[in-house]
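Hi everyone, thanks for making time. I'd like to walk you through one model this morning, so have a look at it first.

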Amino acid sequence: MNFWIIQGLNGLAFGSLLFILAAGFSLIFGLMRVANLAHGAYFMLGAYVGLAALDAGLNFWLAVLAGAAVVGVLGGIVERLVLRRLSGKPLAQVLVTLGIAFIIADGCLWLWSGDPRPVPMPPGFEGVYRFGSVAFPKYRLFVVAVAVALAVALWLLLERSRLGAMIRAGVDDMDMARAMGIRTSLLFTTVFCLGSVLAGAGGVLAGPILSVYPGLDSDMLPLALVVVILGGAGSLTGAFIGSLIIGFIYSYGQALLPDLAYVILFLPMVLVLTLRPSGLLGRRLA
Amino acid sequence: MLKLTATVSLAALSVGFLIEAAQAQGQGPIKVGFMTVRSGALAAGGRQMEEGLQLCIDQRNGMMGGRKVEVVTADTAGQPALTKTKAQELVERDKVDVLIGPLAAFEALAIDDYIRQAKIPIISPSAAAEDLTQRKPNPWFVRAVGTSAQAHHPLAEYVAKELGYKKIAIIADDFAFGHEIAAGFQRVFEENGGKVVQKLWPPLNTADYGSYVTQLDPDVDAVFAAFAGGNGIKFLGQYKNYGSTKPVIGAMTTVDEGVLKSMGSEAVGVISSGWYSAAIQTPANTKFVEAIRAKYKADPGYYTVGAYMACEFLASAVDQLKGKVDDKDALIKALREVKISESPYGAVKIDELGQPLMDITIRKVEQKNGRLQNVVLKTYPAVSQFWTWKPEAFLKSAVYGRGNPEPIAR
């Protein structure tokens with residue numbers, strides 16, 4: 001019994017991390033039709049910036065803000081200066097984001113050397129909660145709470161605000177949204193910034209669990225891709241459900257079927273792609 | 001413009017003649033092709049290798065056997081395919097006399113055939129794959145570090161006999177290095193009456209060790225953790241984070257000085273083994289550690305000392321040949337007969353397959369002088385890659401892998 005509880009909690013916590021990573025990726029994918037392959041690099045850059053902020057003496061929460069801010073600004077610049085010039089050429093855009101991912105990865109290597117670095121827990125979150133014979137790290141439960149709060153906030157933003165209505169309109173039918181007078185150019189920048197902010201903040205929040213090292217970007221990017229393909233691009237609920245499914249498969253799968261540890265995350269993706277190519281909750285993109 | 005070009009080519013030509021003339025007298029530089037990693041996930045180890053090599057060359061004022069040494073560095077990016085291209089470039093375009101590198105075992109395996117075909121002596125500063133000096137020995141290969149299991153045979157005996165542990169769970173990176181360390185440990189541990197009750201193989205790029213830490217059998221005496229690169233940091237952090245209290249036994253690289261400097265209280269008390277520790281108290285090692293600390297502000301570890309010793313091997317062989325490295329057969333023969341009486345490792349002697357016998361230390365991580373150090377508990381002198389088995393018997397058993405190691409009859 002303990003096994004199911006603790007691996008369930010593990011899955012929940014890992015799924016929460018994935019949601020923070022994948023929510024922005026999904027929004028960008030859905031609205032701009034661009035698989036932003038730099039998203040993993042943004043996540044890693046956020047983690048490194050957070051670490052630099054901690055080294056400079058700031059506390060953990062300011063470090064999260066710093067990671068989010070730096071990556072958010074970078075995302076805005078990339079969208080304005082690079083992606084914008086390639087609008088209408090999704091293949092070129094995807095390639096450019098891949099190039100940016102390499103540049104960021106080498107930049108991080110150059111700035112912070114290749115030494116893997118742990119990120120200290122924020123004070124008060126060290127240690128475990130004990131429920132009977134089950135012990136579970138406090139910080140992981142905190143990450144779950146953050147993900148739930150973020151999901152609610154994003155849901156309110158998308159469903160209850162004017163900006164959200166515009167984003168949804170853009171995801172559904174870009175041409176029609178434009179015809180209705182929505183300034184899609186501004187919308188793109190906003191969403192790209194928002195997605196980058198989430199990736200940057202997610203990197204710092206994940207630091208105490210994953211630590212920071214060269215290669216973190218390429219470890220996380222496929223996970224974000226799997227979540228979004230599973231859940232459906234552009235769907236917040238899809239990203240949420242996809243993250244949880246992947247989180248649970250990750251933790252139960254690695255424990256129950258250790259020999260399949262490498263492929264286990266990709267099996268459900270293959271299944272979904274075969275049976276429902278637009279993802280569990282995605283709509284067919286125009 | 002035409003005149004300028006003519007002058008330049010004339011100058012180039014004459015320089016060319018000069019170099020050839022100098023080489024003919026054996027006075028040109030000895031060219032060392034150095035394969036390291038400057039980009040990607042292995043870049044930290046690559047940088048440490050460069051630091052070790054540079055120190056060795058600086059200490060000799062850039063000279064070996066009376067000739068200048070010129071290092072031609074190539075970045076393999078830690079990718080086997082690229083390693084092969086780079087090795088070819090170094091040998092065929094740069095005409096190097098000897099190769100030092102590469103970093104990873106799969107890179108070394110990728111160039112194995114090429115080395116045999118090109119007949120170029122190569123010194124490994126890091127790659128530990130067992131069979132390179134065992135069942136598939138390459139006559140042009142000599143290793144300046146231990147094999148994967150060489151340090152972990154004695155560790156297993158220490159854990160069984162001196163710590164008295166009976167039941168152990170193993171968690172190790174799921175690639176050759178992890179398999180070989182784990183199997184070598186298991187074979188000796190079980191021969192000494194212990195029992196490995198569980199083995200977990202997390203993929204090399206496991207993002208989160210939470211689901212593995214929580215699978216570890218709570219009834220064991222200790223956990224043996226064999227990780228490379230930054231995975232040791234991730235694992236030990238999560239192990240402590242889940243409130244686990246069973247002692248951790250580490251492989252050499254789990255708490256290597258290269259990553260130990262980034263660790264905290266989670267590493268304190270971890271007992272491991274290695275052919276090196278920055279805390280070995282010999283005059284040769286103290287001098288080496290102080291030199292590295294002064295220059296690079298960090299303790300030397302696995303990669304630093306491996307590259308440093310690869311360079312020392314070369315220097316010793318070149319000195320013996322008085323700088324005449326053009327005869328490749330003589331060079332590899334000299335390299336394989338290197339005897340060094342004092343080094344950061346201690347005394348070094350190489351077996352007939354190109355693998356050094358090494359003093360293996362059992363170390364324990366302690367906080368000392370404001371930093372974490374691998375303090376030496378015990379030394380097993382001159383340990384062979386075959387431990388205490390007869391080489392013939394050892395070589396008849398299958399190479400260490402993920403499955404149970406075959407027992408070897410005494």
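Among the elements of chain B, which has the lowest mean pLDDT and which the highest? Helix H1 (residues 2-24) of chain B has the lowest, at 48, and strand S9 (residues 222-226) of chain B the highest, at 98. Here pLDDT is the predictor's confidence in each residue, from 0 to 100; helices (H or I, at least four residues) and strands (E, at least two) are DSSP runs, numbered from the N terminus.

Some housekeeping. This is a predicted model, where local features need pLDDT of at least 70 and side-chain atom pairs count only at pLDDT 80 or more, while totals for chains, interfaces and linings use all residues. Residues are numbered from 1 along each chain as written, chains are lettered from A and ligands numbered from 1 in the order written, and side-chain values use heavy atoms, without hydrogens and water.

Chain B averages a pLDDT of 91, with 93% of the residues scoring at least 70. Over residues 1-7 of chain B the pLDDT is below 50, and this stretch has 0 contacts (heavy atoms within 4.5 Å) beyond near neighbours in sequence. Where pLDDT is low, the predicted coordinates should not be read in detail. The model's scores are ipTM 0.89 and pTM 0.89.

Now over to chain A. The axes (lines fitted to C-alpha atoms, for helices over the stretch in contact) of helix H9 (residues 216-231) of chain A and helix H10 (residues 236-256) of chain A come within 8 Å and cross at roughly 120 degrees. Contact residues include Val226(A) and Leu230(A) of H9(A), and Gly238(A) and Ile246(A) of H10(A).

Terms used
Axes fitted to C-alpha atoms, helices over the stretch in contact; angles between N-to-C directions.
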